[in-house]
Amino acid sequence: MSDVSEQNKAIIRRLYDEVHTAGDLDVIDEVYAHDVEVHVPGLPEDPYGPEAVKQLIGKIRGAFPGVMVTIEDLIAEHDKVVASVMWRGPVTGRGQGASPRAPLVAWPRLDVYRLFNGRIVEQWADRDDLAALHQLGIT
């Protein structure tokens, strides 16, 4: 595996460890390019730029404070990194019909990243929303 592929994997590990799990949103400015576009199913508009990514992750952490993300697989080649991850988080909000009997939700996600010069320039996310909604008692 090339040095670039290993460096790109290290950037993605940092993203999950420091941003998603530890909640340090300032790291977003260091790992995402200023013109990054994130493709997330279910959103009316793709987040564009680090500030939009911060808002999106802030909303996720607000709904699931204490969320932990475990990297199951991390594969890199050239400018792409694919991450298979498991999100786990306690539910504190009661909005959107969430059941009080759902104290912990776990849902898998698959992310594909394209990096250039050590920064994420594009991201595609695919997650299992149905699994999370079922655990919340919404479906």
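**Exercise 1. State the pattern of helices and strands along the chain, and how many of each there are.**

Solution. Step 1: read along the sequence, the chain follows the pattern α-α-β-α-β-β-β-β-α. Here helices (H or I, at least four residues) and strands (E, at least two) are DSSP runs, numbered from the N terminus.

Step 2: the pattern comprises four helices and five strands.

Step 3: the basis of these values should be noted. The model is predicted, so local features need pLDDT of at least 70 and side-chain atom pairs count only at pLDDT 80 or more, while totals for chains, interfaces and linings use all residues. Residues are numbered from 1 along each chain as its sequence is written, and side-chain values use heavy atoms, with hydrogens and water left out.

**Exercise 2. Determine what share of the chain is buried and what its accessible surface comes to.**

Solution. Step 1: buried means under 20% relative accessible area, exposed over 50%, and partly exposed in between (1.4 Å probe, protein chains only). Of the 139 residues, 40% count as buried.

Step 2: the accessible surface of the chain comes to about 7,600 Å², and carbon and sulfur atoms account for 54% of that surface. Such areas come from the Shrake-Rupley method with a 1.4 Å probe; for residues, only the protein chains shown count as cover.

Step 3: contact means heavy atoms within 4.5 Å. Among contacts between residues at least 6 apart in sequence, 53% join residues at least 24 apart.

**Exercise 3. Describe the largest nonpolar core and identify which elements supply it.**

Solution. Step 1: a nonpolar core is a set of buried Ala, Val, Leu, Ile, Met, Phe, Trp, Tyr and Cys residues joined through side-chain atoms within 4.5 Å. The largest one has 29 residues, and those with the most contacts inside it are Ile12, Tyr32, Tyr113 and Ile120.

Step 2: at least two residues of this core come from each of H1 (3–21), H2 (28–31), E1 (32–39), H3 (50–63), E2 (68–77), E3 (80–90), E4 (104–116) and E5 (119–127). H1 provides the largest share, five residues.

Step 3: Tyr113 illustrates the packing. Leaving aside residues up to four places away in sequence, Tyr113 touches partners including Ile12, Leu15, Tyr16, Tyr32, Val81 and Ile120.

**Exercise 4. Give the span of helix H3 and name what covers its buried residues.**

Solution. Step 1: H3 has 14 residues and reaches 20 Å from its first C-alpha to its last, close to the 20 Å expected at 1.5 Å a residue. The expected span is 1.5 Å times one less than the number of residues.

Step 2: the buried residues of H3 are Pro50, Ala52, Val53, Lys54, Ile57 and Arg61. An α-helix has 3.6 residues a turn, so residues three or four places apart point the same way.

Step 3: the cover over the buried residues of H3 includes H1, H2 and E1.

**Exercise 5. Examine the hairpin of E2 and E3 and the residue His78.**

Solution. Step 1: E2 and E3 pair in the antiparallel sense over nine bridges; two strands pair if DSSP finds at least two bridges between them. Thr70 has Met86 of E3 as its bridge partner, and Ala76 stands opposite Val81 in E3.

Step 2: the hairpin has two residues between the strands. His78 lies in this loop and has a phi near 55°, a positive value in a residue other than glycine. His78 counts as exposed because its relative accessibility is 57%.

Step 3: Asn8, in helix H1, is buried because its relative accessibility is 5%. The side chain of Asn8 reaches the backbone oxygen of His78 at 3.2 Å. Asn8 also touches Asp79, Val81 and Leu115.

**Exercise 6. Decide whether Arg109, Pro108 and Asn117 are buried, partly exposed or exposed.**

Solution. Step 1: Arg109 is found in strand E4 and counts as buried because its relative accessibility is 11%. A polar contact of 2.9 Å joins the side chains of Arg109 and Asp111. A polar contact is a pair of N or O atoms within 3.5 Å; within protein, one must be able to donate a hydrogen and the other to accept it, and residues adjacent in sequence count only if both atoms are side-chain atoms.

Step 2: Pro108, also placed in E4, is partly exposed, with a relative accessible area of 34%. Pro108 and Val69 are 39 residues apart in sequence and 9.5 Å apart in space, C-alpha to C-alpha.

Step 3: Asn117 lies in the loop between E4 and E5 and is exposed, at 66% relative accessible area. The phi of Asn117 is near 50°, a positive value in a residue other than glycine.
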